[in-house]
Protein chains: 2
Amino acid sequence: MTVEFICVGTELLLGNIVNTNAAYLSEKCAGLGLSCYFQTVVGDNAQRLAMVLKTAMERSDIVILSGGLGPTEDDLTKEVAAEVCGRKLLMHESSRKSIARFFEERGMVPTENNWKQAMMPEDAVILENHNGTAPGAIIETETARVILLPGPPNELYPLFEESVEPYLRGLTPQVICSQTVKICGLGESKVETMVKDLIDGQTNPTIATYAKTGEVHIRVTAAAEDTKAANKCIKPMVKELKARFGNDIYTTEEDVTLEKAVTDLLLANDLSLTCAESCTGGLLSGRLVNVPGVSEVYKSGYITYSNKAKRKLLGVKKATLQKYGAVSAQVAEEMAKGAALFAKTDVSVAVTGIAGPDGGTEEKPVGLVYIACCVKGKTTVKKYQFGGNRSKVRESAVSAALSLMRGCMLEYFSKVTFGKKD
Amino acid sequence: MTVEFICVGTELLLGNIVNTNAAYLSEKCAGLGLSCYFQTVVGDNAQRLAMVLKTAMERSDIVILSGGLGPTEDDLTKEVAAEVCGRKLLMHESSRKSIARFFEERGMVPTENNWKQAMMPEDAVILENHNGTAPGAIIETETARVILLPGPPNELYPLFEESVEPYLRGLTPQVICSQTVKICGLGESKVETMVKDLIDGQTNPTIATYAKTGEVHIRVTAAAEDTKAANKCIKPMVKELKARFGNDIYTTEEDVTLEKAVTDLLLANDLSLTCAESCTGGLLSGRLVNVPGVSEVYKSGYITYSNKAKRKLLGVKKATLQKYGAVSAQVAEEMAKGAALFAKTDVSVAVTGIAGPDGGTEEKPVGLVYIACCVKGKTTVKKYQFGGNRSKVRESAVSAALSLMRGCMLEYFSKVTFGKKD
């Protein structure tokens with residue numbers, strides 16, 4: 001069964017934003033065993049969108065459109081899709097109520113054009129959107145299934161996972177199952193080299209690698225007559241990957257993020273945590289706090305951007321700052337130790353580095369970051385050199401800090417040597 | 001003059017990588033005044049690529065293909081393009097020498113299939129690639145200009161800038177310029193309603209709205225014979241938008257983000273800042289710290305996720321926490337006041353709320369957030385009700401906090417009434 005994507009938006013055609021939706025949808029549909037041969041981007045223009053949609057419906061079984069469901073004049077994906085599929089747009093009562101409720105809850109008054117979002121194609125399956133006012137829709141025609149989704153990723157992703165994924169799963173005669181093996185602390189080319197023989201020889205299951213910031217995910221996908229058979233096909237491959245990557249695998253569960261894996265380790269071992277952040281300036285804590293239930297282990301954290309703050313809030317010694325500079329192994333260590341002491345926690349992590357664009361020197365270039373992690377009094381400090389712009393350096397530092405915390409905790413528990421890659 | 005892009009690669013169709021080339025090419029071509037109406041992604045498949053290329057050549061003046069110029073069997077973009085354009089592939093002597101030199105310089109021996117990269121379409125303009133072995137090419141046909149570029153961004157970008165940009169500049173009679181008016185604190189449909197008459201009556205310049213979390217951007221775009229004339233065309237529209245939106249516009253500059261606008265206000269007025277974050281848990285600080293130079297005004301911040309941390313680090317009274325609860329206007333106010341006092345700053349902002357998924361009650365539902373901002377002793381507290389999942393609530397709270405800070409500072413400076421929308 002084939003699928004193709006049409007991403008609608010002038011922003012994409014002008015290059016204002018990168019088309020992450022296409023990558024997301026591609027990855028998801030590949031995981032469902034659907035073959036994707038085409039992706040198209042088109043602007044908010046009725047004639048061109050209709051042309052592209054007709055072509056897509058002729059050559060693919062499923063066409064997923066994203067974007068252009070908003071309340072403004074520009075937004076015409078739904079109108080065009082209804083026209084091409086020969087459907088009227090009718091007021092969808094339950095969507096109208098959802099929109100009214102959405103505004104009421106926010107103490108806001110909807111404007112006239114907001115109601116346009118509740119006008120849905122006749123006989124379509126309506127997909128409720130819990131993160132915005134634009135519902136999604138599935139229109140089943142004789143030639144193809146047309147699926148309309150909102151453009152903003154924070155609406156598209158949950159809507160896809162809640163409603164579209166189960167729908168697509170129901171269409172395919174074979175059951176496709178996949179499992180993701182998530183690895184932290186190793187680069188993509190290292191991981192690829194380590195699985196090259198498996199990729200070269202693959203039939204069923206297939207494996208594919210996906211590079212993320214500070215992580216690499218390996219997806220193992222199998223097709224079979226039922227879930228049980230597919231999972232049976234996946235199992236030996238996951239076992240093989242576990243044998244190859246060992247502790248570098250932080251999870252094999254779909255909904256476990258690196259920050260959740262770290263939080264789960266803390267929770268399972270009844271350990272409390274604090275963070276002391278300089279160049280990441282709150283991003284690390286911000287990511288950890290996105291894990292529901294983290295409040296059990298994470299109570300307080302410090303953003304110590306200036307030297308004075310490092311001294312005052314964390315007790316970093318003036319002499320250490322003067323001798324080694326704020327971006328140094330010594331300062332990272334004192335930050336982590338101070339944070340654990342003042343916040344009275346079992347585990348602490350400290351990040352100090354040069355995120356750029358200024359502040360780099362030959363000796364300490366932009367991208368240099370020291371991360372220290374202290375587990376029950378034992379402190380590990382690591383030096384990193386990240387590439388990319390300020391934002392990328394900071395994101396890389398956050399991922400590295402999570403990897404290091406995980407590594408240090410595992411080492412503490414099991415006394416096995418960890419971090420052998422250095 | 002119209003352009004469209006065809007990005008070739010199975011890794012794009014599988015979602016292994018994000019299509020940053022399309023965004024790069026789009027932005028570049030928009031800046032050259034070319035209109036892009038379509039982007040397509042297709043795999044390394046001769047039949048499908050030929051189909052897509054033929055369609056593109058029929059509807060656009062210029063077709064830029066990226067990817068599929070490598071030495072392997074899979075790479076067939078050049079072969080397909082030559083076929084579709086009715087050209088033979090001939091050994092291009094200078095490209096052959098470049099390839100030989102490339103390998104020689106690296107102490108490597110080319111394999112047989114490397115010479116395939118020197119086979120170029122007859123009568124094409126050959127574009128030398130200084131960063132790889134695949135030369136680019138321009139094939140001029142009667143219906144369209146077909147431009148072949150390598151896929152890796154580190155080869156594509158310099159090749160485009162060195163050879164393609166000057167070529168395209170020579171083709172286009174008009175220049176396109178645009179300016180973005182960025183608004184915070186108003187919803188997209190509200191903004192849309194306020195500019196509906198302008199959108200309805202638009203010819204040159206055109207305007208379009210873009211929704212971001214907590215922000216709306218209005219892009220004003222004009223086409224003219226030169227940059228000066230285009231900018232002259234944009235100016236009155238920007239003036240009109242300024243008259244309509246006033247202080248809700250935080251910038252009209254392309255590279256200024258909301259956090260940068262806030263930081264610039266602090267810097268310009270020599271004010272220092274601290275943040276006290278509960279539900280956002282560092283995200284607000286993290287976003288502010290992404291602004292280069294923020295260290296001048298932002299020295300330290302507090303993540304006070306637990307009640308104890310709120311008391312200990314910020315001096316929030318136990319009685320206040322007991323009487324009103326951690327998510328209350330009173331606690332937000334004490335957090336902001338305490339943060340300013342302890343960090344000795346002119347400005348402080350505090351966020352406390354229920355990000356979910358658990359912890360909501362009928363009285364205090366998930367998404368309820370209080371934000372307090374204190375400017376030189378004067379504290380403003382606002383109540384918000386955000387929708388969406390945990391992550392969305394937190395991102396919305398960060399944007400709202402930045403908007404509130406900006407509003408409070410402007411009010412403090414000018415004594416004009418701000419926040420009239422409440």
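**A tour of the enclosed spaces**

Start at the largest cavity, which holds about 70 Å³ of space. A cavity here is a set of points on a 1 Å grid over the protein atoms alone where a 1.4 Å probe fits but cannot get out, and a volume is the space filled by probe spheres set on points joined across faces, edges and corners. This is a predicted model, where local features need pLDDT of at least 70, side-chain atom pairs count only at pLDDT 80 or more, and totals for chains, interfaces and linings use all residues. Residues are numbered from 1 along each chain as its sequence is written, chains are lettered from A and ligands numbered from 1 in the order written, and side-chain values use heavy atoms, without hydrogens and water.

Now select the lining (residues with an atom within 4 Å of a point). From chain A, pick A:N19, A:A22, A:Q39, A:T40 and A:V41; from chain B, add B:F5, B:C7, B:N19, B:A22, B:Q39, B:T40 and B:V41. Colour β2 (35–42) of chain A, then β1 (2–8) and β2 (35–42) of chain B: these elements give two or more residues each to that lining. Strands (E, at least two residues) and helices (H or I, at least four) are DSSP runs numbered from the N terminus.

What classes of residue line this largest cavity? There are 6 nonpolar, 6 polar and no charged residues. Nonpolar means Ala, Val, Leu, Ile, Met, Phe, Trp, Tyr, Cys and Pro; charged means Asp, Glu, Lys and Arg; the others, Gly among them, are polar.

Next, move to the second largest cavity, with about 60 Å³ of space. Select A:C373, A:V375, A:K378, A:T380, A:C408, A:E411 and A:Y412 to show its lining. In chain A, β16 (368–375), β17 (378–385) and α14 (390–414) each supply at least two of these residues, and α14(A) gives the most, with 3. The lining of this second cavity divides into 4 nonpolar, 1 polar and 2 charged residues.

Terms used
On a 1 Å grid over the protein atoms alone, a cavity is a set of points where a 1.4 Å probe fits but cannot get out, and a pocket is an open set with protein on both sides within 12 Å along at least five of seven lines; lining residues have an atom within 4 Å of a point.
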